[in-house]
Amino acid sequence: MQSTNKVPLRPNGARLPLLILAAWTVAIWLTRIVNVAQAGDLGFWGTLWRVLVAFVFVDLGVATLVWAVSGRFGPRWFVMLAILSVLYWPLRTAQLWADSTQTTGFKLVHTALMLVTIAAVALAVWAVRRARRLATSTAVTGS
């Protein structure tokens with residue numbers, strides 16, 4: 001019996017959920033960069049840290065997209081995207097709800113963004129784990 005630790009993780013069975021997560025991530029964070037660039041009241045440091053956070057998400061989204069399409073880079077970037085998304089969005093959303101200067105509509109939109117992001121992460125994680133299980137069982141049984 002072969003060791004299951006040697007089975008390479010390929011995104012084949014999880015391609016669509018990965019593409020959805022990657023495209024969603026890139027789209028919302030590129031929009032964030034545009035919004036920050038258009039805001040004139042943030043100052044240099046306020047603009048810088050917001051753009052840097054957005055670039056991290058865009059980079060992880062692009063790396064996940066490349067992995068989903070070509071298999072290059074491996075799953076580490078997807079894992080980092082999933083963890084960062086699940087940590088960032090609830091914290092940021094709670095911060096927005098505590099901010100009395102933000103409108104209810106703004107808060108609801110960001111709550112929706114959080115929920116869609118976490119759902120996309122959950123779907124992608126489920127699909128990658130399922131693909132991994134199938135690849136492992138195929139490698140072990142040889143079929």
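## A walk through a four-helix model

Let's begin at one side chain: Y88 is buried, with a relative accessible area of 19%. Here buried means under 20% relative accessible area, exposed means over 50% and partly exposed lies in between (1.4 Å probe, protein chains only). Y88 therefore falls on the buried side of the cut-off. The model is a predicted one, so local features need pLDDT of at least 70 and side-chain atom pairs count only at pLDDT 80 or more, while totals for chains, interfaces and linings use all residues. Residues are numbered from 1 along each chain as its sequence is written, and side-chain values use heavy atoms, with hydrogens and water left out.

Now step back to the overall fold. The protein has four helices and zero strands, and reading along the sequence gives α-α-α-α. Helices (H or I, at least four residues) and strands (E, at least two) are DSSP runs, numbered from the N terminus. Of the 143 residues in the protein, 34% are buried. Contact here means heavy atoms within 4.5 Å. If you take the contacts between residues at least 6 apart in sequence, 72% of them join residues at least 24 apart.

Next come the aromatic rings. How many aromatic pairs does a search of the whole structure find? The search finds seven. One of them is W67 with F78, a stacked pair with 6.0 Å from centre to centre and 25° between the planes. This pair links distant parts of the chain, since W67 sits in helix α2 (residues 43–70) and F78 in helix α3 (residues 76–98), 11 residues apart. Both rings belong to buried residues: W67 has 0% relative accessibility, and F78 has 4%. The rings of Y88 and W89 meet in another way: their centres are 5.7 Å apart and their planes stand at 90°, so this pair is edge-to-face. For these labels, rings of Phe, Tyr and Trp (its six-membered ring) pair if their centres lie within 6.5 Å; planes under 30 degrees apart are stacked, over 60 edge-to-face and the rest tilted.

That brings us back to our starting residue. Y88 belongs to one aromatic cluster together with W29, F57 and W89. W89, the edge-to-face partner of Y88, is buried too, because its relative accessible area is 4%. If you have the model open, selecting W29, F57, Y88 and W89 will bring up this cluster.

Let's move along to helix α4, which spans residues 104–141. T111 is found in this helix, and at 19% relative accessibility T111 counts as buried. Which residues does T111 touch, not counting those up to four places away in sequence? They are T93 and W97. W126 lies in helix α4 as well.

Helix α1 offers another tryptophan to look at. W24 lies in α1 and counts as partly exposed, because its relative accessibility is 26%. Leaving aside neighbours within four places in sequence, W24 is in contact with L113, V116 and T117. Is W24 also paired with G61 in some listed distance, and if so, which one? The C-alpha atoms of W24 and G61, which are 37 residues apart along the chain, are separated by 8.3 Å.

A37 also lies in helix α1. Is A37 buried or exposed? A37 is exposed, because its relative accessible area is 64%. From A37 you can measure across to T47, 10 residues apart along the chain, and the C-alpha atoms are separated by 7.4 Å.

The last stop is R76, which is found in helix α3. With a relative accessible area of 52%, R76 is exposed. The C-alpha atoms of R76 and A63, 13 residues apart along the chain, are separated by 9.3 Å. Helix α3 is also home to F78, which in contrast to R76 is buried at 4% relative accessibility.
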